[in-house]
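Please open the model in a viewer and keep the sequence alongside. The stops below are given in the order in which they may be selected.

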Amino acid sequence: MADIAADSAEHAEHAEHAEHAEHYDLIIVGTGSGNSIPEELNDRKIAIVEKGIFGGTCINVGCIPTKMYVYTADVARELTEASRYGLSPVNPGTGEPVDQPQWRIDWDGLKERVFGRRIDPISRGGEEYRRGDETPNITLYSDVARFTGDRTMQIGTGENGNATTITADQVILATGTRTWVPDVIAESGVRYRTNVDVMRMEQLPRTMVILGGSIIATEFAHVFSSLGVEVFVINRSDILLRKFDETVSSRFTEVSGTQWTNLLGRTVTGAREHGGLVTVTLDDGREIDCDELLLAQGRVPNSDLLDCAAGGVELDDDGKIIVDDFGRTSADGVWALGDAIAGPELKHVANQEARAVFHNVATSDEFDLEPLKHDNVPGGIFSHPQIGYVGMTEAEARTWAEKNDRTLTVKVQEYSDVAYGWAMEDTTGFCKLIADAGSRRLLGAHIMGPQAATLIQLLVTAIEFDLDLVDFATKQYWPHPSLSELVENALLGLEFE
């Protein structure tokens, strides 16, 4: 009975607060893709809530700054491999060849180029715009938000009486994810880095251990190894990029081992800090010392900060917000998008979901709702070599073919067999196509090598618009001797019924 009485008192308190709360047409939690508010909502009274840096993960600590670092790493690696092209550095004073040229890494200059001149001004400008006179219909709250009832949220922790309650007709949850911290690291108390702060380190370390073996881990392994850091990648699986096509993961694992040290099929059983170093202990007893430890083993959704149950918002077993095909959650008037929901954790996917959800929030026509699009999603991995992909892996395609009584045709075209691949002296890159031999339609495409994330767009077009691959290969010009001939030759190598 005491519990019932306490619950009743709590609900009464929430109801009283809600009666005096500021009411909005729309509350948006998260300023990544959630900040892309369309003009048709300019007449709505909107509250935006952001607990972190304005602009979300991609612009501040994700896609954009990492790729700026990647480009620097690409240039640095090209310089170290220039002898492949007949270029040899010389001493400018004597004109004599230099066996091992040294390039100075201006770490502070790199940070200033990325953050000082680009990222931080964009984030500040975005926040100032939302707070300023140009968007008088929008109020920005810089704190955490949690549900206290139906479409009712408390802004702030409530400590020292600093909480504010707001309500709305509709709510959009675009709360994203954060780095997963393994228990063994959290309980050890050692210092570590994540994508949030690793690019802003005071100085470039001599050694770095990276925990993880997927996109974030391999991109940062490329960045720091190319800048002269001794990198150790520790991965629980015996292969890197294990969720990708088998040809990609096996060949990437082999190539990457020439650039940094892979410790595969290993787990960390302990960690300690001493003498300015972090030491991790592996399950085989080995100990690895490093100046910096980077966590990149996965991401967890921020839904645990929202108290979703209080708002009637259901979560799946992974903590992702459950939505229907249009972005609606289990709570009436509450929507969700981006990494907060299940699906590909990619910025271009979050942007599409944002366009759909904002359209659905704006429309009053139930039959005018726009669905979330999760098919034919391409992606890029900006490591070395670069990777682009779309559609099924070969394993997925074989399962599909067996289930549907279809025949596959697969072609792996090497960079080294096309003219521009000769120019680049590339010996490891390839384009792999997987198609239905009967219908001549593309099922999946995977490219590993220079400009892979750009080249994949040709095949995104083919798969999205259901093009006949024979027509696609033969009824258009392919500029000779451009790198696009890699795709052309792969298409011509498919064997159709």
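**A tour by selection**

Begin with L211, whose bridge partner in β14 is L295. Strands, here and below, are DSSP runs of E with at least two residues, and helices are runs of H or I with at least four residues, both numbered from the N terminus. The model is predicted: local features need pLDDT of at least 70 and side-chain atom pairs count only at pLDDT 80 or more, while totals for chains, interfaces and linings use all residues. Residues are numbered from 1 along each chain as its sequence is written, and side-chain values use heavy atoms, with hydrogens and water left out.

Next, select strand β8 (residues 207–211) together with β14; the two pair in the parallel sense over four bridges. Two strands count as paired if DSSP finds at least two bridges between them. Extend the selection to the open sheet of four strands, which has the order β10-β9-β8-β14 and parallel pairing. At its edges stand β10 (261–264) and β14 (292–295), each with a single partner strand, so one side of each has no neighbour in the sheet.

Now move to strand β20 (residues 430–436), where seven of the seven residues are buried, that is, under 20% relative accessible area with a 1.4 Å probe, protein chains only. F430, K432, I434 and D436 point one way from β20, and C431, L433 and A435 the other way. Add strand β19 (residues 408–414), which runs antiparallel to β20 and is joined to it by seven bridges; Q413 has C431 as its bridge partner in β20. Then add strand β21 (residues 441–448), which also pairs with β20 in the antiparallel sense over seven bridges. Here F430 has M448 as its bridge partner in β21. In the hairpin of β20 and β21, with four residues between the strands, select R440, which takes a positive phi near 60 degrees.

Turn to helix α3 (residues 63–80) and helix α4 (residues 107–131), which pack at an angle of about 145 degrees with their axes 11 Å apart. Axes are lines fitted to C-alpha atoms, for helices over the stretch in contact, and angles run from 0 to 180 degrees between N-to-C directions. I64, P65, M68, Y69 and T72 in α3 meet residues of α4 including W107, L110 and F115, contact meaning heavy atoms within 4.5 Å. Among the buried residues of α3 are P65, M68, Y69 and A76. The cover over the buried residues of α3 includes α2 (56–61), α4 and α6 (215–226).

Definitions and conventions
Buried < 20%, exposed > 50% of the residue type's maximum accessible area, 1.4 Å probe, protein only.
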